[in-house]
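The exercises below are meant to be worked with the sequence and the model side by side. Each opens with a task and is followed by a solution in steps.

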Amino acid sequence: MSNTAVPIELPVIDISNPHDPAVGKAMLDAAAKYGFLYVNSKGTDFTAQDVDHAFGLSRKFFASPVSDKETCRITPNNRGWSGMHTETLDPEHQRTGDFKEAMNFGDFKNGKAQQPLPTSLTPHESEIADFAQLCNKTCKRILNLLSLGLEMPEDFFASRHDPSSGPTGSILRFLWYPSIFSPETASYKHDKDVRAGAHSDYGSITLLFQRPGQPGLEILTPEGSWAPVPIIPGDQPDAFPFPPILVNIGDLLSYWTDGLLKSTVHRVVFPLEEQRSPNPQDRYTVVYFCHPVDTTELVPVPSQIVAEHRQKTGGLKGDAAVGFGGGAGSLEPGKRPLTACEHLESRLAATYGFTKEA
Ligand SMILES: O=C(O)CCC(=O)C(=O)O
Ligand SMILES: [Fe+2]
């Protein structure tokens, strides 16, 4: 697979009016073409301070002693801390695990985590819960717009992603990728290793928050080459109060829309310019994986646009690479629809069957 090193240009969408069908169409176009887009930081529910604060908490956590992190080691429900090289997102192609640490938070209830927290974060429980709630709010705007783009009732997706109606698979995740100069990355070999292996995300949509000067994300283009994704699109770095949130479609939403929305493969690397930089930085990201309420049945969506896509393409087959298990509209006679929870479990089993310490 070639690496073009030509940065991809993705649209930046203003989501300040989540009821505007024209914005919905623009979002649908980007989701169907690239599976990735930016949302303009101004139209979201976040201030620059909210985002800075979340990154501050993440730094505090990753700088804390391993003995503290170990008190909340990741469990099979996908919540908790995973250490350096614990996760291998692309086991077929990686000789070693990802060069990263991660901390996953599942649903909060009334501001309270439903999992053990390390002592570095316990004083900040409600702040993390608030940030997760803002993420969910922004996802609702995006889901509204995607519904409008598909010419469906605008709350079709959003109403099925409301954590107040039941548990969800949504995860807020802090990630830390040490710089190329760190002891943790001494064994990294260019062209052999990656900081996070190639993968697609599991849920409906993902929000990715990045910091200026900490590049690394690449997406697989429809032409089959790796293209870096700029942290700040365009040539006006001061146009945004904080880097626009990168949004991508996950496997579940791709499955639900019979492959019309693309769940695009992506990975994290050390870009060459970073390897040559006299002052390479660690990469910190904050990610929100938005999932429907667990019991949501993934029935065919009421969209003529999806139905036409299904007719044109013949629908996703059972072993289709994306969507894992075919599309929601290609259900075999006599079979009941998958629930959101079952879809997620099948994807987690496929990834962590290899590496997760039970
Ligand atoms: O940290 C990043 O840039 C990407 C993270 C990611 O793709 C993931 O955790 O699924
Ligand atoms: Fe991802």
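Two strands pair if DSSP finds at least two bridges between them, and helices (H or I, at least four residues) and strands (E, at least two) are DSSP runs, numbered from the N terminus. The model is a predicted one, in which local features need pLDDT of at least 70 and side-chain atom pairs count only at pLDDT 80 or more, while totals for chains, interfaces and linings use all residues. Residues are numbered from 1 along each chain as its sequence is written, and chains are lettered from A and ligands numbered from 1 in the order in which they are written.

**Exercise 1. Describe the chain as a whole.**

Begin with the secondary structure, which comes to eight helices and 14 strands. The radius of gyration, taken over C-alpha atoms, is then set against the globule rule, 2.2 Å times the number of residues to the power 0.38. The chain has a radius of gyration of 19 Å, close to the 21 Å that this rule gives for 358 residues, so it is as compact as a globular protein of that length. Along its principal axes the C-alpha trace spans about 55 × 45 × 40 Å.

Next comes burial: a residue is buried if 20 or more other C-beta atoms lie within 10 Å of its own, exposed if 12 or fewer, and partly exposed in between, with C-beta atoms placed from the backbone. By this count, buried residues make up 46% of the 358 residues.

**Exercise 2. Work out the order of the eight-stranded sheet and what lies across it.**

The sheet is open, its strands follow the order S1-S2-S12-S9-S14-S7-S4-S3, and the pairing is mixed. Its edge strands, each pairing on one side only, are S1 (12-13) and S3 (80-82).

At one edge, S1 and S2 pair in the parallel sense over two bridges, with Val12 opposite Tyr38 of S2. At the other edge, S3 pairs with S4 (residues 101-105) in the antiparallel sense over three bridges, and Ser82 has Ala102 as its bridge partner in S4.

Now turn to S14 (residues 283-290), where six of the eight residues are buried, so the strand is largely enclosed by the rest of the structure. S7 (residues 171-177) pairs with S14 in the antiparallel sense over seven bridges, and the bridge partner of Arg173 in S14 is Val287. S9 (residues 205-209) also runs antiparallel to S14, joined to it by five bridges, and here Ile205 stands opposite Cys290.

In a regular strand the side chains alternate between the two faces of the sheet. Strand S2 can be read in this way, since Phe36 and Tyr38 point one way and Leu37 and Val39 the other way, and all are buried.

For the helices, two residues are in contact if their C-beta atoms, placed from the backbone, lie within 7 Å; axes are lines fitted to C-alpha atoms, for helices over the stretch in contact, and angles run from 0 to 180 degrees between N-to-C directions. Helix H2 (residues 48-62) lies across S4, S7, S9 and S14, and runs at about 110° to S14. Helix H4 (residues 125-149) lies across S2, S4, S7, S9, S12 and S14, running at about 125° to S9.

**Exercise 3. Trace the four-stranded sheet.**

This sheet, likewise described as open, has the order S8-S13-S10-S11 with antiparallel pairing. S8 (196-199) and S11 (226-228) are the edge strands, each pairing on one side only, and neighbouring strands are turned by 20° against each other on average, direction ignored. S10 (residues 217-220) and S13 (residues 266-268) pair over three bridges, and the bridge partner of Ile219 in S13 is His266.

**Exercise 4. Which residues surround ligand 1?**

A residue is near a molecule if its C-beta atom, placed from the backbone, lies within 6 Å of it. The shell consists of Arg173, Leu175, Ala196, Asp201, Leu208, Leu217, His266, Val268, Thr285 and Val287. The elements that give two or more residues to this shell are S7, S13 and S14.

To sort the shell by class, count Ala, Val, Leu, Ile, Met, Phe, Trp, Tyr, Cys and Pro as nonpolar, Asp, Glu, Lys and Arg as charged, and the others, Gly among them, as polar. The result is six nonpolar, two polar and two charged residues.

**Exercise 5. Is Tyr255 buried or exposed?**

Tyr255 is found in helix H5 (residues 251-256). With 26 other C-beta atoms within 10 Å, Tyr255 is buried.
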